[in-house]
2 protein chains.
Amino acid sequence: MAKLRVHNLSISLDGYVAGPSQTREEPLGHDGERLHEWMFVDRDPVDHRFWAAGQEGIGAAIMGRNMFGPVRGAWGDEQWRGWWGDDPPFHHDVFVLTHHAHESIPMQGGTTFHFVADGIEAALAQATVAAGGLDVRLGGGAATVQEYLRAGLVDELHLAIVPILLGGGERLFDHLDGCPEGLECAELVSSPRVAHVLLVRR
Amino acid sequence: MAKLRVHNLSISLDGYVAGPSQTREEPLGHDGERLHEWMFVDRDPVDHRFWAAGQEGIGAAIMGRNMFGPVRGAWGDEQWRGWWGDDPPFHHDVFVLTHHAHESIPMQGGTTFHFVADGIEAALAQATVAAGGLDVRLGGGAATVQEYLRAGLVDELHLAIVPILLGGGERLFDHLDGCPEGLECAELVSSPRVAHVLLVRR
């Protein structure tokens, strides 16, 4: 059975997965890039192990529309094709949650963006088929992860706690109607820069 | 110059320092005791080092009224003397923030509870004198730490991140009017049970 897995979800000490004042120039909000430095600059071996685990055994992905791009509401004429250039780093099918239908966008390198307008369960069902026996990775943003947490559909949640304070932005643990049920800590380990927590569904 | 230091402030992954539904029987709220198990049950060497640091070089303490006891509003007739029995584990002067004056309460073992009704700066000034050149430890609850953070008076903040979800309760990083200024990570290290972060004022 395919698992739905969240990896490398970087979160500040004060609980934000994106900083305040998100714009097209700063899609992660003010100072939000600091959440992701550990992945890109002098990656520590502990950090690398967790980072790499997010690529292993994944056959498809799901993400929220805000992670796909800055366009809100109807798509209009804009030919937005994601933040990642012509050859996005996914190399598999990516299902984007949206309220506005859009035809699929094939990219170089095996990535195809599909758009799902009929809900998170439909997206998971399609992604599971596309994954062909591998797991499905769930991307952000916070609202998307929250939707799947509320539905009890997240099997693994890896948080990368970055010891900074952002003071505002998007909180991960919010709008959850209490506690996500059944997630418990399977691993806690820290590099000098990041504390990694792996929560798994019982 | 005496420092104002917060130690062993246990916080859940979702940011709570006390669980929901606090009562006299469950002063830390539902499931809140799980935040503190690491201090009391089979303490790991890494955890022990941080726990012990909270006792070192401390000459006085400050805490909020809710940490001192469950009595709200006027003191009335109740002879509340804290949660800790006749010989509390402080062994120095403890300044309790309150809106209601109360005479000092000397306890066994060197602890005396004093009550400060004229604000956090007054409490810090009195505690600094009482500490006699040592540092002042700041206890909880969340609202008290927030007051001192907003005032920029916290020199060291040690958080013990416990990898559990509480789903509700008192959030530490709330009501802060943005980001506490000038705190940066001096150490991040983890035992298998707790990730410790030491923030210090630049």
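Colleague: How many disulfides does the rule give over all chains?

Modeller: A disulfide here is a pair of cysteine sulfur atoms within 2.5 Å, and by that rule the count over all chains comes to 0. B:Cys179, for instance, is in no disulfide, the nearest cysteine sulfur being that of B:Cys185, 14 Å away, and B:Cys185 is likewise in no disulfide, with the sulfur of B:Cys179 as its nearest at 14 Å. Please keep in mind that this is a predicted model, in which local features need pLDDT of at least 70 and side-chain atom pairs count only at pLDDT 80 or more, whereas totals for chains, interfaces and linings use all residues. Residues are numbered from 1 along each chain as its sequence is written, chains are lettered from A and ligands numbered from 1 in the order in which they are written, and side-chain values use heavy atoms, with hydrogens and water left out.

Colleague: Are B:Cys179 and B:Cys185 buried or exposed?

Modeller: Buried means under 20% relative accessible area, exposed means over 50%, and partly exposed lies in between, with a 1.4 Å probe and protein chains only. B:Cys179, at 27% relative accessibility, counts as partly exposed, and B:Cys185 is partly exposed with a relative accessible area of 30%.

Colleague: How are chain A and chain B related?

Modeller: In general, two copies of a chain are related by a rotation about an axis and a shift along it. The superposition is by least squares on the C-alpha atoms of residues with pLDDT of at least 70 in both copies. Here chain A can be laid on chain B with an RMSD of 0.0 Å by a turn of 180° and a shift of 0.0 Å along the axis, so the two copies are related as by a two-fold rotation axis. Within chain A, the C-alpha nearest that axis belongs to A:Ser190, at 2.7 Å from it.

Colleague: What do chain A and chain B bury between them, and which residues of chain A supply the most of its area?

Modeller: Buried area is the accessible area (1.4 Å probe) that two parts lose on being put together, summed over both. For chain A and chain B this is about 1,900 Å², with 74% of it on carbon and sulfur atoms. A:Leu13, A:Leu165 and A:Leu188 supply 31% of the area that chain A buries against chain B, more than any other three residues. With contact taken as heavy atoms within 4.5 Å, 26 residues of chain A are in contact with 26 residues of chain B. Since 100% of the interface residues of chain A are also interface residues in chain B, the copies meet through the same surface.

Colleague: How many salt bridges does the rule find across the interface of chain A and chain B?

Modeller: A salt bridge needs a side-chain nitrogen of Lys or Arg within 4 Å of a carboxyl oxygen of Asp or Glu, and the rule finds 0 across the interface of chain A and chain B.

Colleague: Where does A:Ser10 lie, and what does its side chain reach?

Modeller: Strands are DSSP runs (E, at least two residues), numbered from the N terminus, and A:Ser10 lies in strand E1 of chain A, residues 4-12. A:Ser10 is buried, with a relative accessible area of 1%, and its side chain reaches the backbone oxygen of A:Leu35 at 3.1 Å. Not counting residues up to four places away in sequence, A:Ser10 touches several residues, among them A:Tyr16, A:Trp38 and A:Val162.

Terms used
Helix = DSSP H or I, 4+ residues; strand = E, 2+ residues; numbered from the N terminus. Polar contact = N/O pair within 3.5 Å; in protein donor to acceptor, adjacent residues only side chain to side chain.
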